[in-house]
Structure formats: C-alpha cells, structure tokens
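Student: I'm new to this structure, and I'd like a close look at a single part of it. Could you pick out one residue, say where it sits and what it touches, and then show me how it fits into the rest?

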Amino acid sequence: MGEAVRLLNRAAKSIRPDPPSLLALGGLYAAYLKIQPKDVVTKTNALVLLDRVAKMKFSAPTLWQSLADAYSQIDQPQKAAAIYSNLLFETPGPSLMREALHEKLAALYFQMDDKTNATKQLQAIVRDNPTRFPRAWFFLGELAFADDKLAEASDDYDNALHWDPSFDEAYYKLALVQIALHRTADAFKTLDEARARFPKTYR
C-alpha cells in the first residue's frame, strides 16, 4: 500500500491541472481510501485535490457529479450534498438524472442524520415516480414510525408492499404499526400474507 500512496502523490505533482485529469486522480484516491480508510494523510491530500477542482471554472454536469461522488467517497457528505443540490436545481424534471440525484442526496442526509432533508428527498422520489422505488416508500415509513406518525408510516409501508409484494421486512414493520394503531385484525391479516409468501421466515 505504501507504493500505491507514493504513486498517487507523484501523480498529483505531475498530472495535467484540468478538471477531468484531476478528477480521475481523485477517483484513484477514493478507491485507495476505500481499502485504507484510516490513512488520514492520504485522505487530507485527496481533499486538497478535490477542493482544488471545486474552485475551477467548468460547467459540465458530469464533471460536477464526479466531484460530488468523490467527495462522498472520502467522507465529505456536506460538500457532496451541496453539489448534488446545485445539480438538482439545474436539472429539469422529472428525469432519470433527477431520480439519481434525489437518491444520492437521501443517502447522504441519512449519513448526516438529517432526517428532515432525507424525508424531503424520498418524498420527491415517490412524487416523481411512485411505482419505481418501493424502498423509498419503506424508508419514508421508517422515518414516520420513528417520529410516531403511525398512520403515515402505515400508508408508506403499505405502498412499499403494493409496489413490491416480495419486500419481506415491510410486512413485519406494517404489522407492528397496525398493532400500535390498535388495528389488530389488519395486523394478523398482514402476517398471514407474509406467512403465505415467506413460510420459512414467518412461521
């Protein structure tokens, strides 16, 4: 690994100082740090490199997304989220690009324990495409359940199962919420459906 670090540092001194080249090197730093996450010195060098790119003048969305991805990979969620948010603002929707940005932002906000903004991103995902992302419905249910918004959580878990009946964990969570709502008959019905679909899991 020591040789890998030397090669990265040598490349940083000789590489062409343009965004594509620097971002390619940033990707190599990120790949190394995924294997050696405790290498603080190399992480600092990677951050300096990415900050250098962030100060450059370029407009290509793909390069900005690569920069945000690299920030995310070296544990800089706030800097990554700021770039993804700007890209989202500049991207007309609905589109696959917007869906991907919402997903990335939701994951980052979860990482930062920012439940409010994570909820907003998940809501945007299901608003733009309610059928494609059952897990977004599920995570909305998790957030609502954590905030004791039981009726909302029930609806979210129900939507997750409606669009993906094979989502086994959602049956258990939905049944828990239904019990908390004193809807015992519904809870037993949910568990019966789960047993029929997953006999080895729900006995």
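Tutor: Let's start with Leu122, which counts as buried because its relative accessibility is 5%, and the cut-off for buried is under 20%. Keep in mind that this is a predicted model.

Where is Leu122? You'll find Leu122 in helix H7, which covers residues 115-128. Now look at what is packed around that side of the helix. Leaving out residues up to four places away in sequence, Leu122 touches Ala106, Phe110, Ala136, Phe139, Leu140 and Leu143. If you want a feel for distance, try Phe198: it is 76 residues from Leu122 along the chain, and the two C-alpha atoms are separated by 28 Å.

One of those partners, Leu143, leads us to a bigger picture, but it helps to begin with the largest nonpolar core. That core has 31 residues, and Leu50, Leu67 and Tyr84 have the most contacts inside it. Six helices each give two or more residues to this core: H1 (2-14), H2 (19-35), H3 (40-54), H4 (61-73), H5 (77-90) and H6 (96-111). H2 supplies the largest share, seven residues. Apart from this core lies another one, of 23 residues, and Leu143 is among them, as are Val126, Leu150 and Ala160. So that you can see the first core up close, click on Leu67: setting aside neighbours within four places in sequence, Leu67 is in contact with Leu23, Leu50, Val53, Ala54 and Ile83.

Next, have a look at Glu99, which sits in helix H6. Is Glu99 buried or exposed? Glu99 counts as buried, since its relative accessibility is 8%. Its contacts, not counting residues up to four places away in sequence, are Asn129, Arg132 and Phe133.

Further along the chain comes Ala170, which lies in helix H10, residues 168-180. Ala170 is buried, with a relative accessible area of 0%. Beyond the residues up to four places away in sequence, Ala170 touches Phe138, Tyr157 and Leu161. Compare Ala170 with Gly27: they are 143 residues apart along the chain, and their C-alpha atoms are separated by 36 Å.

Now zoom out to the whole chain. Its secondary structure comes to 11 helices and zero strands, so if you read the elements from the N terminus on, you get α every time. The C-alpha atoms fill a box of roughly 70 × 40 × 25 Å along the principal axes. The radius of gyration is 22 Å, whereas a compact globule of 203 residues would have one near 17 Å.

How much of the chain is tucked away? Of its 203 residues, 39% count as buried. On the outside, the chain exposes about 11,700 Å², and carbon and sulfur atoms supply 55% of that. Among contacts with a separation of 6 or more, 45% are between residues 24 or more positions apart. As for charge, there are 26 positive and 25 negative side chains, and the centres of the two sets lie 8 Å apart.

To come back to your close look: Leu122 is a buried residue in helix H7, and Leu143, one of the residues Leu122 touches, belongs to the core of 23 residues.

Conventions
Residues numbered from 1 in each chain as written. Predicted model: local features only at pLDDT ≥ 70, side-chain atom pairs only at ≥ 80, totals over all residues. Heavy atoms only, no water. Helix = DSSP H or I, 4+ residues; strand = E, 2+ residues; numbered from the N terminus. Rg over C-alpha atoms; globule rule 2.2 N^0.38 Å. Buried < 20%, exposed > 50% of the residue type's maximum accessible area, 1.4 Å probe, protein only. Contact = heavy atoms within 4.5 Å. Areas by Shrake-Rupley, 256 points an atom, 1.4 Å probe, with all protein chains shown as cover. Lys, Arg positive; Asp, Glu negative; His and termini not counted. Charge placed at Lys NZ, Arg CZ, Asp CG, Glu CD. Core = buried A, V, L, I, M, F, W, Y, C linked by side-chain atoms within 4.5 Å.
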